[in-house]
Amino acid sequence: DEASAGVPPVFGPAFTKAMVEHNLRQDNDGRFHWKYDPAVLTAGQRSMRDPRKWPRWLAVRCPTLVLRGERSPAMS
């Protein structure tokens, strides 16, 4: 439950359930930990939303397909 509470609700219950079931590991002491460093994920999310990147995105002149999930926190 504690791990589920850390997953942003925008992802929905099915994603949250999958995250918790497949991305946690249990140590010898019985405690659970993420299989990745949550600080890296948070930094990546901040990086995607960094408004200073928009000039670079807008400078792309070749045909480009951008796919975005309906509830993506990465971009509006």
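Where do Glu21 and Lys17 lie, and how many residues apart are they? Both are in helix 2, four residues apart, or about one turn of the helix. That pair is a handy way into this predicted model, and the points below go through what else I noted.

1. **Overall layout.** The protein chain has four helices and two strands. Read from the N terminus, the order of elements is α-α-β-β-α-α. The chain has 76 residues, and 11% of them count as buried. Its accessible surface comes to about 6,600 Å², with 59% belonging to carbon and sulfur atoms. On the contact side, take the pairs with a separation of 6 or more: residues 24 or more positions apart account for 23% of those contacts.

2. **The two sides of helix 2.** Helix 2 covers residues 12–22, and its buried residues are Gly12, Thr16 and Met19. They sit on the same side of helix 2, because the arc they cover around the axis is only 65 degrees. Pro13, Ala14, Lys17 and His22 are exposed on the other side of helix 2. As for what lies over the buried residues, the cover includes helix 1 (2–5), strand 1 (24–26) and strand 2 (32–34).

3. **Thr16 up close.** Thr16 lies in helix 2, and it counts as buried because its relative accessible area is 11%, under the 20% limit. Once residues up to four places away in sequence are set aside, Thr16 touches Ser4 and Val7.

4. **The nonpolar core.** The largest nonpolar core has five residues: Ala3, Val7, Met19, Leu24 and Trp34. In general, nonpolar side chains tend to be buried together in soluble globular proteins. Met19 also appears among the buried residues of helix 2, and Val7 is one of the contacts of Thr16. If you would like one residue to centre your view on, try Trp34: leaving out residues up to four places away in sequence, Trp34 touches Ala3, Val7, Met19, Val20, Asn23, Leu24 and Arg25.

5. **The salt bridge in helix 2.** A search of the whole structure finds three salt bridges. One of them joins Glu21 to Lys17, with the closest N and O atoms 2.7 Å apart. Why does Glu21 count as partly exposed? Its relative accessible area is 48%, so Glu21 falls between the 20% and 50% limits. Lys17, at 51% relative accessibility, counts as exposed. As general background, side chains of opposite charge can pair when their charged atoms come close.

6. **The other two salt bridges.** The side chains of Asp27 and Arg25 meet in a salt bridge, 2.9 Å from N to O. Asp27 is partly exposed at 28% relative accessibility, and Arg25 is partly exposed with a relative accessible area of 39%. A further salt bridge joins the side chains of Arg31 and Asp29, with an N to O distance of 2.8 Å. Asp29 counts as partly exposed, its relative accessibility being 48%.

7. **Arg25 and its surroundings.** Which element holds Arg25? Arg25 is found in strand 1. With neighbours within four places in sequence left aside, Arg25 is in contact with Arg31, Phe32, His33, Trp34 and Lys35. Of these, Lys35 is ten residues away from Arg25 in sequence, and the C-alpha atoms of the two are 6.2 Å apart in space. Arg31 takes part in the salt bridge with Asp29, while Trp34 belongs to the largest nonpolar core. Arg25 thus touches a residue of that core and also has a salt bridge of its own, to Asp27.

8. **A nonpolar patch on the surface.** Trp54, Trp57 and Leu58 make a nonpolar surface patch of about 360 Å². Trp54 is placed in helix 4, which covers residues 54–59. Is Trp54 buried or partly exposed? Trp54 counts as partly exposed, because its relative accessibility is 39%. This patch is worth a look alongside the core of point 4, where another tryptophan, Trp34, is one of the five residues.

Notes:
Residues are numbered from 1 along each chain as its sequence is written. This is a predicted model: local features need pLDDT of at least 70, side-chain atom pairs count only at pLDDT 80 or more; totals for chains, interfaces and linings use all residues. Side-chain values use heavy atoms; hydrogens and water are left out. Patches are made of residues with over 30% relative accessible area and no salt bridge: like charges are joined within 9 Å, nonpolar side chains (Val, Leu, Ile, Met, Phe, Trp, Tyr) within 5 Å. Accessible areas come from the Shrake-Rupley method with a 1.4 Å probe; for residues, only the protein chains shown count as cover. A salt bridge is a side-chain nitrogen of Lys or Arg within 4 Å of a carboxyl oxygen of Asp or Glu. Buried means under 20% relative accessible area, exposed over 50%, partly exposed in between (1.4 Å probe, protein chains only). A nonpolar core is a set of buried Ala, Val, Leu, Ile, Met, Phe, Trp, Tyr and Cys residues joined through side-chain atoms within 4.5 Å. Contact means heavy atoms within 4.5 Å. The arc is that of the directions from the helix axis to the C-beta atoms.
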